[in-house]
Amino acid sequence: MKEGWEYRIFESCLVKVPKQVQVKSKDYKKEGKYPIVSQEAELISGYWDDETIVYKHKDPVVIFGDHTKNIKYIDFNFVVGADGTHILSTKKDISPKFFYYVLKSIKLRELGYARHYKLLKEKYIPVPPLSEQQSIVSRLDAAFAKIDAMKVNAEKRLNEAKSLFQASLKKMLEPKEGWEQKKLKEFVVSITDGDHQPPPKSDDGIPFITISNIEKNSNKIDFGETFYVPQSYYCALKKDRIPQKGDVLYTVTGSFGIPVLIDFQKEFCFQRHIALIRPNIGLLSPTYLFYWILSSYATSQAEDTATGTAQRTVSLNSLRNFTIHVPHLSEQQSIVTTLDNIKSKVDRLQANYEKISQECDALKQAILRQVFE
């Protein structure tokens, strides 16, 4: 405890905020007059037009995500997002920004998707004199601005590399004279999806992946958080539903259009929200197919054919009928080699950005601990 600081139980620091009308996440708009602030990671989750439910900004407030533990400092008018968004308004002798930094320094144990606000209620909040709070906020603002600049610079380099990669995809895959134009189904052995029956779970066995196991940034499968199904279930699947090296997975529901090239040997199976494309390797290189799916030539067709609202879906029939332009196998390989070189640079920058991001977050936590512990 810091000498001269008062320590108060969490809720004694707050002024009660009347319950606000909350907008359900499925109703968020992409554009509108007023930003929606929710418990999600992004500062702004969507937009709304109805002024009658706007939380009018008098003094800044802190948002706490009951399920996510995300903490935000808000100094503008906003509409409250989905259930679990707590508005925390501090008493006059506590700076909202100081309170925000204090909450950022507190480690709460993980309860999964359960509510975490009850854990905050058990905490004691340090309350130095207001002048000292303001001095601490100024120092933290300056330190965090420098740290954020490092992160922004790394993100800028990454985004520039991603833009170059997309431009290269468009240029390299632009249809040329002599290329065959056909439906995707004419270049593949099969296009199917995962088993439609609920899979039996087991403590060990064969990994079963869902869309949440597919990493969008890396186009890889995270096998660390999968559940398992019995070997007998896996062996009973049809062969065109069992992934093998050279196949391409393709997400078809929700976050649709994410491809994964299976360039490894491993037994696993997957849910029905993921498609499996098995190319005819005498006509279509698996890696060429992977890059083509990443390109605007495929993503635009996915956007045009996806149906539904809350969970947009690209049907297998639509996927089978995507139009693809394919050169001879030797030219496909030449294109793949060029794109591999560019993508490897993007992958290195992605890894560098993730490392810097983690280091920046750790540095912020170290500074907060130094101030408040």
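Aspartate 66 is in contact (heavy atoms within 4.5 Å) with Gln39, Gly84, His86, Ala114, Arg115, His116 and Tyr117, leaving aside its neighbours within four places in sequence. This residue has its place in the loop between strand 5 (61-65) and strand 6 (71-74). Helices (H or I, at least four residues) and strands (E, at least two) are DSSP runs, numbered from the N terminus. Aspartate 66 counts as buried, because its relative accessibility is 3%; buried means under 20% relative accessible area, exposed over 50%, and partly exposed in between, with a 1.4 Å probe and protein chains only.

A word on how to read this: the model is predicted, so local features need pLDDT of at least 70 and side-chain atom pairs count only at pLDDT 80 or more, while totals for chains, interfaces and linings use all residues. Residues are numbered from 1 along each chain as its sequence is written, and side-chain values use heavy atoms, with hydrogens and water left out.

**The whole protein**

The protein has 8 helices and 20 strands. Its C-alpha atoms fill a box of roughly 75 × 45 × 40 Å, taken along the principal axes. Of its 373 residues, 45% count as buried. Among the contacts with a separation of 6 or more, 74% come from residues 24 or more positions apart.

**Another buried loop residue**

Cysteine 13 lies in the loop between strand 1 (6-9) and strand 2 (14-15). With a relative accessible area of 0%, cysteine 13 is buried. Beyond four places in sequence, cysteine 13 is in contact with Arg8, Ser89, Thr90, Lys91, Ile94, Phe99, Ile125 and Val127. One of these partners, phenylalanine 99, is 86 residues away in sequence, and the C-alpha to C-alpha distance is 8.9 Å.

**Rings and charges**

A search of the whole structure finds 14 aromatic pairs. Rings of Phe, Tyr and Trp (its six-membered ring) pair if their centres lie within 6.5 Å; planes under 30 degrees apart count as stacked, over 60 as edge-to-face and the rest as tilted. Here are two of the pairs.

| Pair | Centre to centre | Angle between planes | Kind |
|---|---|---|---|
| Phenylalanine 10 and tyrosine 117 | 5.7 Å | 75 degrees | edge-to-face |
| Tyrosine 100 and tyrosine 101 | 5.3 Å | 55 degrees | tilted |

The pair of phenylalanine 10 and tyrosine 117 links distant parts of the chain, 107 residues apart: phenylalanine 10 is in the loop between strand 1 and strand 2, and tyrosine 117 is in helix 2 (residues 117-120). Phenylalanine 10 is buried at 0% relative accessibility, and tyrosine 117 is buried with a relative accessible area of 13%. Tyrosine 100 and tyrosine 101 are both buried. Ring pairs also link Phe10, Phe64, Phe99 and Tyr117 into a cluster.

Some rings have a charge over them, which requires NZ of Lys or CZ of Arg within 6 Å of the ring centre and within 35 degrees of the ring normal. The charged end of lysine 182 sits over the ring of phenylalanine 187, 5.7 Å from its centre. Lysine 266 lies over the face of phenylalanine 223, at 4.9 Å from the ring centre.

**The cores and the helices**

The largest nonpolar core has 73 residues, and those with the most contacts inside it are Phe99, Leu184, Tyr250 and Phe372. Helix 8 (residues 329-372) gives the most to this core, with 12 residues. A nonpolar core is a set of buried Ala, Val, Leu, Ile, Met, Phe, Trp, Tyr and Cys residues joined through side-chain atoms within 4.5 Å.

Helix 8 also holds lysine 364. This lysine is buried, with a relative accessible area of 18%, and among residues over four places away in sequence, lysine 364 is in contact with Phe144, Ile147 and Asp148.

Helix 3 (residues 130-172) has 43 residues and reaches 61 Å from its first C-alpha to its last, close to the 63 Å expected at 1.5 Å a residue; the expected span is 1.5 Å times one less than the number of residues. Its buried residues include Phe144, Ile147 and Leu158. Helix 8 is one of the elements that cover the buried residues of helix 3, and helix 1 (96-105) is another.

**A small sheet**

An open sheet of 3 strands has the order 4-3-7, with mixed pairing. Strand 4 (46-48) and strand 7 (79-80) are the edge strands, each pairing on one side only. Two strands pair if DSSP finds at least two bridges between them. Strand 3 (residues 34-37) and strand 7 pair in the parallel sense over 2 bridges, and isoleucine 36 has valine 79 in strand 7 as its bridge partner.
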